[in-house]
Amino acid sequence: MPTRTHGKSGAVAEANKAGKSYEGLSRQRLIEAYRLMYTSRRLDDREIMLKRQQKIFFQISGAGHEAVTVAAGLAMKSGYDWFFPYYRDRALCLALGATPYEMLLQAVGAADDPSSGGRQMPSHWGYKRLNVVTQSSCTGTQILHAVGCAEASRYWTSHPDAARKATGDYREFKDVEFHGDEVTYVSLGDGTTSEGEFWEAMNAAANLRLPLVFLIEDNGYAISVPVEVQTAGGNISRLVSGFPNFHFEEIDGTDPVVSYGALSRAVAHCRAGIGPSFIHAHVIRPYSHSLSDDEKLYRPDIERQRDAARDPISRMQMFLIREGILDEKGINQLEKEVDDGLQAAVDQVLTAPVSTPETIKQYLYSPDLDPTSAAFDTHAAQSNGGASTTGEARSSTEQAAHEKKHAPKTMADLINTTLRDEMKRDERIVMFGEDVADCSREEYLSQKMVKGKGGVFKLTAGLQCDFGSDRVFNSPIAEASIVGRAVGLAVRGLKPVVEIQFFDYIWPAMMQLRNELPVMRWRSNGAFSAPCVIRVAIGGYLTGGAIYHSQCGESIFTHTPGMRVIFPSNALDAAGLLRTAIRCDDPVMFLEHKRLYRETFGRAPYPGADYMIPFGKAKVVHPGTDVTVITYGAVVPRALQAAQRLEREHAIKIELIDLRSLNPYDWDAIATSVQKTSRAIVAYEDTLSWGYGAEIAARIADELFEHLDAPVKRVAAKDTFVAYQPVLESAILPQVQDLYLAMKELAEY
Ligand SMILES: Cc1ncc(C[n+]2csc(CCOP(=O)(O)OP(=O)(O)O)c2C)c(N)n1
Ligand SMILES: [Mg+2]
């Protein structure tokens, strides 16, 4: 049963009078709490001054939130527990050990800003040594990262050997630290509880009983929108009370002692492994939302005065005096020390150097491991014909087994085998997504009542049975959560290889895929990274796939710096590129064409457990001298047919290039071929306009203009959706005939 307690300031005061401690806080710790709270407030004030003097460029304060956030910092262990705070958590970060100078470095955008090297706005915390994980400006995305982080704590505890360093892949560069009972903290505002990702996170945390403290800092407003407009009934505690396994408290977050008591109980609940905690703290927002906002436009004076009466700074001062912990002189002295320290920090920070423009691309990708390098270029294992490994002739059964093993397999088979071999090799790999498990009700498997599913396309079939339900499991239908949890797991050093069931349904995860996963390393100036693999079933030509099971859209992701995008056209490439994706140190979107999963085209024997293809290397599928055709995915076999026909019928020789890897892509291969043929077509399955081909065509026109004897052409889908009726589907997607005609026309230009 969930528990719900409420603030007990009256009871605490009684206890104090009886000589007891304040929810476990000593008098010295209370003074320390005030020092942190006051430092936080004065640092906001200093930043506001600096902004007005145009010495910094943005300001958002933690004012009014100091009591509960300091309490959280004191109730948890710095550098041991994990933290996903939001921008109001200045006092939390100070309590964990971040210095005012470090915070000011971010405000001025200095090179030495430990959170981002001058890349992020102030109050976007990230301190590697304190386990404060880099945050973005998006409200709510951090909650799913925190879920993944809490899951990682549990995984490391049950798979301690997986944390060992290994060479030859991303593990060489990923330090893993865990204690077994660490707790993860995530905070958010009242308005942010309206985000779907909040509810996805609550659901996962409750269901998995994760050691995760949610702190809701409810200041009654989300910029100008009051809480009763955000939240049905105006109180988030009431709405979430049905989630199982939680410890719930709703408190006055302007009272540090009450806050500390609540946070301590919340942390204890998590540390004991009982489940997550939810602290709903009512706080105030005495300054406007940020310096870009003027709250007088939507809040009358009377309301602002009511808040001011609860200001945690003045309340704490009065509390310290009332309890005889500090007198007025003591308070003044403490405040002077803080003010002097801040003045010195401000003086120092104004001369801090900024990063040079040459660094702007640093940390988009791993500086340690280059997936385009020779280290990822290995040979396929060779089949040794008729002889056994001992050199003797095989028996007929041995021969049959040998032939079966070396028979050409589908892309689906080789992806499945590659995943299996990588899971065997690397215990840090976890897989989840919709329907990826064999069977969530394990007893059906163990009692051999069912065979198991393993993905709607069966790409993960048998992996749960082979590696266990904590390594391969089903997720709720919550795509943001699939990607967001993967980010949190990857930050902790695990290697999530997750599946998005259909590309058509990737959109709920778009915020995570655009603003989080590919940005972690860059925005933290290399302090954090989230290398993981997002496998996505993509594409049409399904004869009945229609609008919502046929989409492409790869250019949306190649347009995002920081994300590797791979799109194989055949079984062998899929195996080699997937292995590189898993072993490399960057986030990879691995696009698997549904139509190619079981196609006869491009089958191959399994190339062995170490076969890798480097990213950014195209393959010439059909050599030629007359026209270069640049393509990938399911257009490769179609373009090949067209090229073969043209050669047969008209002796036109097409050079067909399969890019395989879309970001990075092999410009050298394109340029070499176009310089030879002087004619180029970019062919792709997605809609024509604004597609992947636009960039390639533009670059050819730009850099190879003198080599061209004809305009650069594109062959692609019509600018509409893919229809269900096969006649319409054929008319919409690029067909062999379309490719044939375009190639012929260009060759004859
Ligand atoms: C996804 C997203 N939508 C909108 C914004 C713009 N925005 C920034 S803060 C904010 C209000 C957040 O309110 P709340 O969660 O209550 O936090 P508070 O600022 O009040 O502490 C909004 C709408 C954003 N940063 N991210
Ligand atoms: Mg708010």
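Let's start at a small landmark: right after helix α5 comes Gly109, a residue whose phi is positive, near 75 degrees. Keep in mind as we go that this is a predicted model.

Stepping back from Gly109 into the helix itself, α5 covers residues 100–108. Seven of its nine residues are buried, so the helix is largely enclosed by the rest of the structure. If you would like to find them, the buried residues are Glu102, Met103, Leu104, Leu105, Gln106, Ala107 and Val108. What do they pack against? Their neighbours are three other helices: α2 (27–52), α4 (90–96) and α13 (328–349).

Now let's look at the aromatic rings. Searching the whole structure turns up 27 aromatic pairs. One of them brings together Tyr155 and Trp156: the ring centres are 6.3 Å apart and the planes stand at 75 degrees, and because an angle over 60 degrees counts as edge-to-face, that is what this pair is called. Are these two residues buried or exposed? Tyr155 has a relative accessibility of 5%, so it counts as buried, and Trp156, with a relative accessible area of 0%, is buried too. Elsewhere you can pick out an aromatic cluster made up of Phe198, Trp199, Phe214, Phe243, Phe246, Phe248 and Phe278.

Rings also meet charges here. The charged end of Arg41 sits over the ring of Tyr287, at 5.8 Å from the ring centre. Further along the chain, Arg645 places its charged end over the ring of Tyr740, 3.7 Å from the centre.

Our last stop is a sheet. In general, the strands of a sheet pair through backbone hydrogen bonds, and they do so either parallel or antiparallel. Here, seven strands make an open sheet with mixed pairing, and reading across it gives the order β10-β9-β11-β12-β14-β13-β18. At the edges are β10 (472–474) and β18 (661–663), each of which pairs on one side only. On average, neighbouring strands of this sheet are turned by 20 degrees against each other, ignoring direction.

To see one pairing in detail, follow β11 (residues 495–500) and β12 (residues 533–538): these two strands run parallel and are joined by four bridges. Val498, for example, has Ile534 in β12 as its bridge partner.

Finally, which helix lies across this part of the structure? Helix α15 (residues 411–425) lies across β9 (429–433), β10, β11, β12 and β14 (588–593), and it runs at about 135 degrees to β9.

Note on methods:
Residues numbered from 1 in each chain as written. Chains lettered and ligands numbered in written order. Predicted model: local features only at pLDDT ≥ 70, side-chain atom pairs only at ≥ 80, totals over all residues. Heavy atoms only, no water. Pairing = 2+ DSSP bridges. Axes fitted to C-alpha atoms, helices over the stretch in contact; angles between N-to-C directions. Contact = heavy atoms within 4.5 Å. Phe/Tyr/Trp six-rings, centres within 6.5 Å; stacked < 30°, edge-to-face > 60°. Buried < 20%, exposed > 50% of the residue type's maximum accessible area, 1.4 Å probe, protein only. Lys NZ or Arg CZ within 6 Å of the ring centre and 35° of its normal.
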